Amino acid sequence: MIKLAPSILGADFGHLEEEIIKTNESGCDWIHLDIMDGHLVPNISFGPAIVKYVKSRSDLFLDSHLMISNPEKYLEVYAEAGSDLIVIHYEIEHDKIPLLEKIRKLGKKAGISINPHTPLEAVTEILEHCDLILIMTVHPGFSGQKFMNQVLPKIRQAREYIDSNNLNIEIEVDGGVGLETAKKVIDAGADILVAGSAFYKSGDYREFNRKIKDLAEKS
Ligand code: DX5
Ligand code: ZN
């Protein structure tokens, strides 16, 4: 069963409480939180206070995508704020395995994210320390960018690798996913779709969720 994880970065922050409640009632599965430090990626978004606020208004599984260069300093903070899954980037200049192990020790699921130009081979050795791989289909930093079709073979490759090695790892795909691109992503083998602008601009969150689930059923 495919999961939908709306990225709250695409929501109207002037009406954040209402947006969270509507997201919660849409039938979607997770809430994706894009945390950016203006260093690893060229944009700054929000920090733990927003994660905590989302947690206080939603009982959905919270997926914190840390686009920050020094996550080692903040893992406890994002765990305490209410994240259920914490994803770090492969592209940071630190050893990933101790960080992934620390996330698990904090009682959270651990994920590794790879940018569009990072090959799957870069992370196969560390996958045993992960519960999830987040494959970026845009260059991280902003909502509303165009889906990069050239990443589709890597999603298929990850699906084959995970299945053939009997790994218990979910595949999440993030960036430019909407009703026009979702089917390709599902067919390539994704388990979780992140959708920011497509979800929040759709006007009817329930309908958007239903359409994604229908696409998955037809795949
Ligand atoms: C990009 C973020 C994405 C993004 C999703 O850096 O990681 O989660 O906000 O937004 P859309 O779906 O609009 O690409
Ligand atoms: Zn994200």
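**Exercise 1. List the residues that Leu 99 touches beyond its sequence neighbours, and place Leu 99 in the fold.**

Step 1. Leaving out residues up to four places away in sequence, Leu 99 touches Pro 71, Glu 72, Leu 75, Ile 88, Ile 92 and His 94. Contact here means heavy atoms within 4.5 Å.

Step 2. Leu 99 sits in helix H4, residues 96-105. Helices (H or I, at least four residues) and strands (E, at least two) are DSSP runs, numbered from the N terminus.

Step 3. The relative accessible area of Leu 99 is 7%, so the residue is buried. Buried means under 20% relative accessible area, exposed over 50%, and partly exposed in between (1.4 Å probe, protein chains only).

Step 4. His 129 lies 30 residues from Leu 99 along the chain, and their C-alpha atoms are separated by 9.6 Å.

This is a predicted model, in which local features need pLDDT of at least 70 and side-chain atom pairs count only at pLDDT 80 or more, while totals for chains, interfaces and linings use all residues. Residues are numbered from 1 along each chain as its sequence is written, chains are lettered from A and ligands numbered from 1 in the order in which they are written, and side-chain values use heavy atoms, with hydrogens and water left out.

**Exercise 2. Describe the coordination of the zinc ion (ligand 2).**

Step 1. The coordinating residues are His 32 (NE2), Asp 34 (OD), His 65 (ND1) and Asp 174 (OD), at 2.0 to 2.3 Å. Donors are N, O and S atoms within 2.8 Å of the metal (3.2 Å for Na, K and Ca); water is not among the atoms, so sites may look incomplete.

Step 2. Along the chain, the donors of the zinc ion (ligand 2) are spaced as H-x1-D-x30-H-x108-D.

Step 3. The arrangement is octahedral because the six donor atoms subtend angles of 69 to 168°. Six donors count as octahedral if opposite donors are over 155 degrees apart and all others between 65 and 115.

Step 4. His 32 is buried, at 0% relative accessibility. Asp 34 is also buried, with a relative accessible area of 6%.

**Exercise 3. Find the surroundings of Ser 113.**

Step 1. Ser 113 belongs to strand E5, residues 109-114.

Step 2. With neighbours within four places in sequence set aside, Ser 113 is in contact with His 65, Val 87, Ile 88, His 89, Tyr 90, Glu 91, Leu 134 and Met 136. His 65 is one of the residues that coordinate the zinc ion (ligand 2), and Ile 88 is among those that Leu 99 touches.

Step 3. Ser 113 has 0% relative accessibility and therefore counts as buried.

**Exercise 4. Is Asn 166 buried or exposed, and what is its phi?**

Step 1. Asn 166 lies in the loop between helix H5 (152-164) and strand E7 (170-174).

Step 2. Its relative accessible area is 71%, so Asn 166 is exposed.

Step 3. The phi of Asn 166 is near 50°, which is positive although the residue is not glycine. Most residues other than glycine have a negative phi.

**Exercise 5. Summarise the whole protein.**

Step 1. The protein has eight helices and eight strands.

Step 2. Buried residues are 52% of the 219 residues.

Step 3. Of the contacts between residues at least 6 apart in sequence, 65% join residues at least 24 apart.

Step 4. The structure holds zero disulfides, a disulfide being a pair of cysteine sulfur atoms within 2.5 Å. Cys 28 is buried at 6% relative accessible area, and Cys 130 is buried at 3%.

Technical notes. Tetrahedral: all angles 85-135°; square planar, octahedral: opposite > 155°, others 65-115°.
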